[in-house]
Each structure stands twice: as structure tokens, then as C-alpha cells.
Amino acid sequence: MKIKSQQDWWAGLMFIAFGVFFIVFALGTPEFINNIVGTKLIGGYQLGSSVRMGPAYFPVVLGGMLAILGALVLLDSIVEKGPDVAKFHFRPVLFLGLSSLAFAYLLKPLGLVLASVALVFISAYGGHEFKWKEVAIMSVALVIVSVLVFVKALSLPFPICPDFIEICPIR
Amino acid sequence: MEGIFGNLAIGFIEVFKLQAITMGGVTMTLPFNIIMCLIGCLLGTLIGVLPGIGPVATIAMLLPVTFNLSPIGALIMLAGIYYGAQYGGSTTAILINIPGESSSVVTCLDGYQMARQGRAGPALATAAIASFFAGCVSTLVIALFAPPLAEVALKFGPAEYTSLMVLGLVAATVLAHGSLIKAIAMVILGLLLGLVGTDVNSGVLRFAFGISELADGIGFVTVAMGMFGICEIIANLEQKEHREVFTSSVGKLMPSKEDWKRMVAPILRGTVLGSALGILPGGGALLASFASYTVEKKVSKYSHEFGTGAIEGVAGPESANNAGAQTSFIPLLTLGIPSNAVMALMIGAMMIQGIAPGPQVMTERPQLFWGMIASMWVGNLMLVILNLPLIGMWIKLLTVPYRYLYPSILLFMAIGVFSISNQPFDCFLMALFGLFGYVCVKLGCEPAPLILGFILGPLMEENLRRAMLLSRGDPWVFISPSKPISMGFIIASVVLLAIVALPSLRKKREEVFVEET
């Protein structure tokens with residue numbers, strides 16, 4: 001057996017994994033695994049009947065369909081030739097992800113100004129060119145715009161300054 | 001006919017109405033809706049011109065902001081972004097051969113060639129004129145077709161709704177790029193993700209894994225921003241940017257007499273084609289522009305000029321994409337079913353405002369319904385005014401490097417997502433879905449079908465449950481002769497799938513979408 005389409009191979013596996021995941025979490029772990037482990041690993045929800053569907057019914061049906069489709073894609077990958085998986089660029093993925101996380105977890109303790117600066121610097125670092133001066137100017141401009149638009153005009157309940165500073169200079 | 005004009009009058013009055021607005025502590029009396037329309041059109045043109053950010057990400061970004069707006073103002077603005085983007089996208093396509101918007105891909109073919117021959121001005125003018133004409137006609141089409149359709153839809157029971165959603169989702173997958181199976185799988189995955197959270201019928205918390213933030217489900221704004229916004233930025237950062245702008249050669253805008261003569265028929269055909277394709281579930285601007293280009297190439301007596309700067313190749317698709325963008329509001333406004341990812345977000349916007357999308361919107365909130373339609377006409381007029389004289393300004397924007405743009409886009413997205421529930425968790429989810437979307441793209445799976453499934457998941461489950469309860473568990477209820485409408489939808493879905501699965505057509509479909517990429 002030779003995989004003729006890397007792309008379809010991995011896509012198929014992904015769909016099967018998701019399908020199985022939803023079925024297992026909807027129905028709970030099968031009896032024999034529970035017996036081995038000794039306790040019920042995953043609780044699962046009520047299946048119900050086709051007349052009165054329980055919370056597990058629709059997810060199980062869909063999960064089954066997804067797994068079957070995934071298997072079809074998998075099968076296709078060894079029958080028909082297809083494209084390879086294009087190169088994965090980790091740098092932008094990493095820095096964009098990091099910057100949004102930094103923003104999210106810094107906003108409440110440090111306030112909008114510093115959180116925005118963190119986001120701009122980290123995300124800019126994920127690009128091709130990083131010039132300190134440019135990024136600094138950009139972050140100042142963006143902080144001004146976001147404070148004016150989001151906090152002043154749209155009155156979103158964001159803290160502007162860090163919460164350890166008693167008196168905020170920006171009003 | 002008279003009823004329509006009466007209704008449109010309600011709409012125009014709503015659009016131009018003066019309202020007292022309190023913003024930042026100051027109360028002003030302003031024609032608020034028209035200002036929202038202007039903002040929407042400006043933003044739409046802006047993101048249309050800028051490659052690398054599309055209407056889906058923009059609308060998702062602005063959804064949290066619309067919390068504080070009136071429902072009509074919010075919807076008018078969001079609609080403006082969508083059709084405004086169709087205008088703006090053509091500018092980029094013509095001047096730098098990069099489609100600012102996916103629906104202006106075909107405009108690149110002949111529009112850019114015209115620009116290279118020093119006829120960028122007439123090409124831009126043609127695009128604007130074609131879009132304006134199509135926008136006006138399709139506004140009338142909506143006003144004509146929406147009320148009767150909504151009347152039919154009011155009679156729909158749960159069985160009809162379930163079947164209709166099946167048809168909508170099938171149609172959306174058929175029109176997605178790439179593999180059909182993968183597109184269907186993405187829809188199902190979307191439906192499943194939509195089920196995360198509290199089950200309405202039993203109150204059971206599903207797939208939440210003890211995370212309290214997931215009790216209300218995954219916010220679809222979060223999903224949309226991750227899979228479109230973040231994912232688009234990453235994809236753009238993959239290549240080094242290089243842009244070549246024909247700034248010096250825009251020249252005079254006015255098309256010559258010969259040009260006028262040649263553009264009339266393509267505009268008419270494009271408008272009709274676009275309006276028809278926009279109404280279909282799964283249709284919209286993208287499909288319409290492709291269909292129109294193909295048709296023009298076939299029927300034009302200048303077909304040998306296509307690809308080397310034929311004005312028909314600009315006029316037809318540009319009118320079609322604008323007509324399609326607008327008539328795709330018909331299924332949304334009358335049935336409550338989104339036909340593409342942007343419409344899925346519009347449903348989200350309506351739900352944020354506490355409006356259940358569906359046929360009852362027209363009768364219960366005529367001001368909202370007709371105001372939105374009237375705003376489209378007003379918006380189109382604004383866009384012509386914005387686009388032609390201001391073209392120089394938009395071109396300047398093209399020279400802004402992407403490294404300035406994406407941190408700003410990301411910041412606004414993060415602020416938007418954070419403000420949904422004031423919890424860091426949503427931003428975390430956005431980053432996660434960004435990563436997931438990137439993986440999907442690498443594996444050749446389109447994110448758009450997933451979004452459609454996601455928004456329809458809970459709705460579909462509820463209607464399916466109700467239909468099955470009413471039929472006492474008989475699954476044949478969906479195709480029984482006692483429910484002809486439901487049967488029709490199911491048959492249509494099966495036929496659609498069968499047609500696409502046919503080998504000969506499959507090849508054709510692949511060819512069509514290959515041109516696009």
C-alpha cells in the first residue's frame with residue numbers, strides 16, 4: 001500500500017479522529033474499556049429513541065457520518081493521486097497565536113495600553129521584517145486609536161491602565 | 001406593484017430617519033442609519049481594496065461592536081461591508097492583478113490587461129458602472145421576490161425546515177472548491193462543533209469538558225475570526241510581499257463611446273445571471289462572477305480578445321458579483337437560511353440583536369426588513385460616488401505594506417473577540433481555530449462549509465427532533481407525499497449531489513475551480 005495523496009491521507013485521518021471523538025464523548029466509553037480501567041472513563045449522554053432524541057442522538061449520527069466520510073477520503077488517498085501537504089510555516093502560526101494569547105491574558109491585569117503593545121510587538125515579530133522604530137510608532141498609533149474607538153466611543157468595559165497603578169493618567 | 005413601492009417607502013424613511021444618539025457621553029441628533037450605511041460602504045471598499053482581509057473576517061471583527069448599536073443600524077452597516085467589498089475588490093484586481101476579494105478573481109484576467117494597455121481608468125469606471133447598475137436592479141429583485149417567498153416559508157413546519165437546511169448545506173458543498181467529500185465532511189464537522197454547549201431540550205451540557213466558558217457553546221464569531229481572520233493573515237505571511245501598482249497610468253476615467261456600446265449587453269446579462277445565482281443556496285458573488293465570465297466568453301463576438309483586455313470581461317463579472325452579493329440576502333431574509341459564510345455571520349448579527357432570522361422578520365419588523373433593502377440602493381449610490389472620484393486615495397492605500405496592516409487587523413480582532421464575554425478564553429479559542437483553519441487549508445479542506453454547518457447545527461438538530469417527534473419516529477416524513485415541499489428539497493439535494501458526483505461533471509467542476517487558484 002502506497003499513499004498517493006498525502007493531503008487526503010491526513011485529511012481522512014483528521015475526519016475519522018473527529019468522528020470517533022464525538023461518538024465516544026456522546027455515548028461514553030464502551031463497556032469493555034470501563035471493565036479494564038475499573039471506572040466509567042467518560043460519562044456520555046442519553047441516546048434516546050428516534051421519537052424522543054436524547055442529547056447524544058444527533059452527535060452520534062453525525063459523528064458516524066463524519067467517520068465514514070473520513071474513511072472514504074482515506075481510501076481515496078491510496079487510490080487516486082493527489083497533492084502533497086504544502087509546507088507548514090510555523091513562525092507566523094506561533095507568533096500570531098502567542099500574541100493573541102498575550103493580549104487576552106494581559107488585558108485585565110495590565111490594561112488595554114500595555115496588552116495592545118504586547119500584541120503588536122509579538123505579532124510583528126512573526127513577519128518577515130521587524131524594525132524596532134516602525135513597530136514602536138505603529139503600536140503608539142494603534143493604542144491611541146483603540147482607546148479612542150473602543151473604550152471612549154463604544155464604551156467597552158476595558159481597563160486602560162494596569163490595575164496596580166492607582167490613578168490612571170489617561171481619562 | 002404598488003405594495004412594493006409602499007414598502008420601499010417605509011424603508012427609505014427608515015434609512016433617512018433622524019435619531020438621538022448618545023456616544024461617549026454626548027447626545028446628538030443624526031440621520032444615524034445613513035451614517036452607518038456610509039461607514040459600512042467605506043469599510044467594505046477599504047477591505048475590498050486591501051488584499052489579505054476579506055468581508056468575513058471584517059464582519060466577524062465588527063460583530064461585537066454592534067452590541068451597542070440599534071438592530072437596523074448594525075445590519076445596514078454589515079450589509080454595506082459585504083457589497084462594498086465587491087466594489088473595492090475590483091480596484092485591486094484591475095490595478096495590481098491581485099483579487100482584493102475572491103469574487104473579483106475573474107476581473108483580474110481582463111481588467112489587469114486593460115490597465116497594462118493604459119486603460120486602467122475606463123476599466124475601473126466600467127467596473128463601477130456595472131456594479132452600480134447591478135446593485136440597483138438586484139435591490140428591486142429582492143423587493144419583488146422576498147415577500148412571496150417569505151409567505152411560503154411561513155407555512156414551513158420542522159420537517160420542511162430540516163430538509164431546507166439539508167438542501168442549503170448540500171448546495172454549499174457542491175459549490176465549494178476542491179473535493180466534494182471533504183466539503184461535506186467539513187459541513188458535518190461544523191454541525192458537530194455547533195452542538196457544543198447546553199442542549200436546549202434536555203439541559204445537558206455537551207462536549208464542554210468542564211470548561212465553564214463553553215456552557216453557551218463556542219461563539220461563532222470566535223470560530224469565524226480564527227478560521228478566516230487569523231488563517232488569512234498566516235497565509236499572507238507565508239510569502240514575501242511584492243506588489244506592482246499602476247498608479248501613474250490610471251489616466252482619464254471616462255470610457256469611450258465604443259466601450260459604452262460594448263459593455264451594455266454584458267452588464268444586462270451579468271445582472272440577470274448574478275441575481276439568479278445569488279438566490280440559490282450556496283450561491284453568491286463568487287459563483288456569479290465565474291458564471292458570467294464563462295457566458296460572456298461564449299456569446300461575445302469579441303471572444304478572441306478575452307484575456308487580453310476585453311471590456312466585456314470586466315463588465316459582465318463585475319455586474320454579476322454585485323448582483324449575486326445582494327440577492328444572496330433573499331434566503332437569509334425570507335427563510336433564515338444563510339447561503340454563504342457572510343450570510344451566516346449576518347444571522348449571527350441578527351441573533352445578537354435578539355431577532356430570530358426567518359420569514360416572520362418581514363411581517364413583524366417591516367422597518368428593519370425594508371430599511372435594509374432601501375439601504376442597499378442608497379449604499380450603491382454612495383459606492384459609485386466613493387469609488388470614482390476617490391480612486392486615487394484607494395490606490396494610495398495599496399502601497400501600505402502588509403507588515404503595518406496585519407498587527408492592526410489582529411489587534412482589532414483580539415479586542416472584538418475579548419469583548420464578547422470579557423474573558424480571555426475566547427481569544428484562546430480564536431487562536432486555536434486559527435491554527436485549526438490553517439491545518440485545514442493545508443489539507444485541502446475549505447473552512448467556509450464548516451462555518452455554514454456551525455451556524456446551522458443547533459437549528460437543524462432542533463427541527464429534526466421536532467419533526468421526528470411529530471411523525472412518531474418515522475424518518476420517511478421528510479420525503480412523504482403529504483409534505484411535498486420537504487420532499488422537493490430532499491429530491492433537489494439528491495439530484496444536486498448525483499449531478500456533481502457524475503464523472504464528466506466532476507472533471508468540469510475541477511477545471512472551473514482550477515482557474516480560480
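A residue is called exposed if 12 or fewer other C-beta atoms lie within 10 Å of its own, buried if 20 or more do, and partly exposed in between. The structure discussed here is a predicted model.

Q: Why does Lys252(B) count as exposed or buried, as the case may be?
A: Lys252(B) has 10 C-beta neighbours inside 10 Å, and the limit for an exposed residue is 12 or fewer, so Lys252(B) counts as exposed.

Q: Where in chain B does Lys252(B) lie?
A: Lys252(B) belongs to the loop that runs between helix 9 (220–238) and helix 10 (257–279) of chain B. In sequence, Lys252(B) and Ala125(B) are 127 residues apart, yet their C-alpha atoms are 9.5 Å apart in space.

Q: Why can helix 11 of chain B be described as enclosed or open?
A: A residue needs 20 or more other C-beta atoms within 10 Å of its own to be buried, and eleven of the 15 residues of helix 11 of chain B are buried, so this helix is largely enclosed by the rest of the structure. Among these buried residues are Leu286(B), Phe290(B) and Tyr293(B), and also Glu296(B) and Lys297(B).

Q: What makes helix 5 of chain B mostly covered?
A: The count of buried residues does, since eleven of the twelve residues in helix 5 of chain B are buried. They include Val105(B), Leu109(B), Asp110(B), Tyr112(B) and Met114(B). After this helix comes Gly118(B), whose phi is positive, near 80 degrees.

Q: How many of the residues of helix 12 of chain B are buried?
A: In helix 12 of chain B, 16 of the 16 residues are buried, and this helix is therefore mostly covered by the cut-off of 20 or more C-beta atoms within 10 Å.

Q: What does the reach of helix 5, from its first C-alpha to its last, show when it is set against the expected value?
A: Helix 5 (residues 105–116) of chain B reaches 17 Å, which is close to the 16 Å expected at 1.5 Å a residue. Helix 11 (residues 285–299) of chain B reaches 21 Å, close to the 21 Å expected, and helix 12 (residues 312–327) of chain B reaches 22 Å, close to the 22 Å expected.

Q: Why does the radius of gyration of chain B agree or disagree with that of a compact globule?
A: For 517 residues, a compact globule would have a radius of gyration near 24 Å, and because chain B has 22 Å, the two values agree. The C-alpha atoms of chain B fill a box of roughly 70 × 60 × 55 Å along the principal axes, and 59% of the residues in this chain are buried.

Q: What is the radius of gyration of chain A, set against a compact globule of 171 residues?
A: Such a globule would have a radius of gyration near 16 Å, but chain A has 25 Å. Chain A has five helices and zero strands, whereas chain B comes to 22 helices and four strands. Buried residues make up 37% of the 171 residues in chain A, and the C-alpha centres of domain 1 and domain 2 of chain A lie 40 Å apart.

Q: What makes residues of chain A and chain B count as being in contact, and how many are?
A: Two residues are in contact if their C-beta atoms lie within 7 Å, and 60 residues of chain A are in contact with 56 residues of chain B. Helix 4 of chain A gives the most to the side of chain A that touches chain B, with 16 residues. By class, that side has 41 nonpolar, 16 polar and three charged residues.

Q: Why can the largest nonpolar core be placed relative to domain 1 and domain 2 of chain A?
A: This core has 227 residues, and those with the most contacts inside it include Ala60(B), Ala224(B) and Ile451(B). Helix 6 (residues 120–154) of chain B gives the most to this core, with 18 residues. Domain 1 (6–79) and domain 2 (90–153) of chain A both give residues to this core, so the core lies between them.

Q: Which residues does Ala224(B) touch, not counting residues up to four places away in sequence?
A: Ala224(B) touches Val56(B), Ala60(B), Leu345(B) and Ile451(B).

Terms used: Residues are numbered from 1 along each chain as its sequence is written. Chains are lettered from A and ligands numbered from 1 in the order in which they are written. This is a predicted model: local features need pLDDT of at least 70, side-chain atom pairs count only at pLDDT 80 or more; totals for chains, interfaces and linings use all residues. Helices (H or I, at least four residues) and strands (E, at least two) are DSSP runs, numbered from the N terminus. Ala, Val, Leu, Ile, Met, Phe, Trp, Tyr, Cys and Pro count as nonpolar, Asp, Glu, Lys and Arg as charged, and the others, Gly among them, as polar. Domain bounds come from an automatic or database domain assignment. The radius of gyration is taken over C-alpha atoms; the globule rule is 2.2 Å times the number of residues to the power 0.38. The expected span of a helix is 1.5 Å times one less than its number of residues. A nonpolar core is a set of buried Ala, Val, Leu, Ile, Met, Phe, Trp, Tyr and Cys residues joined through C-beta atoms within 7 Å.
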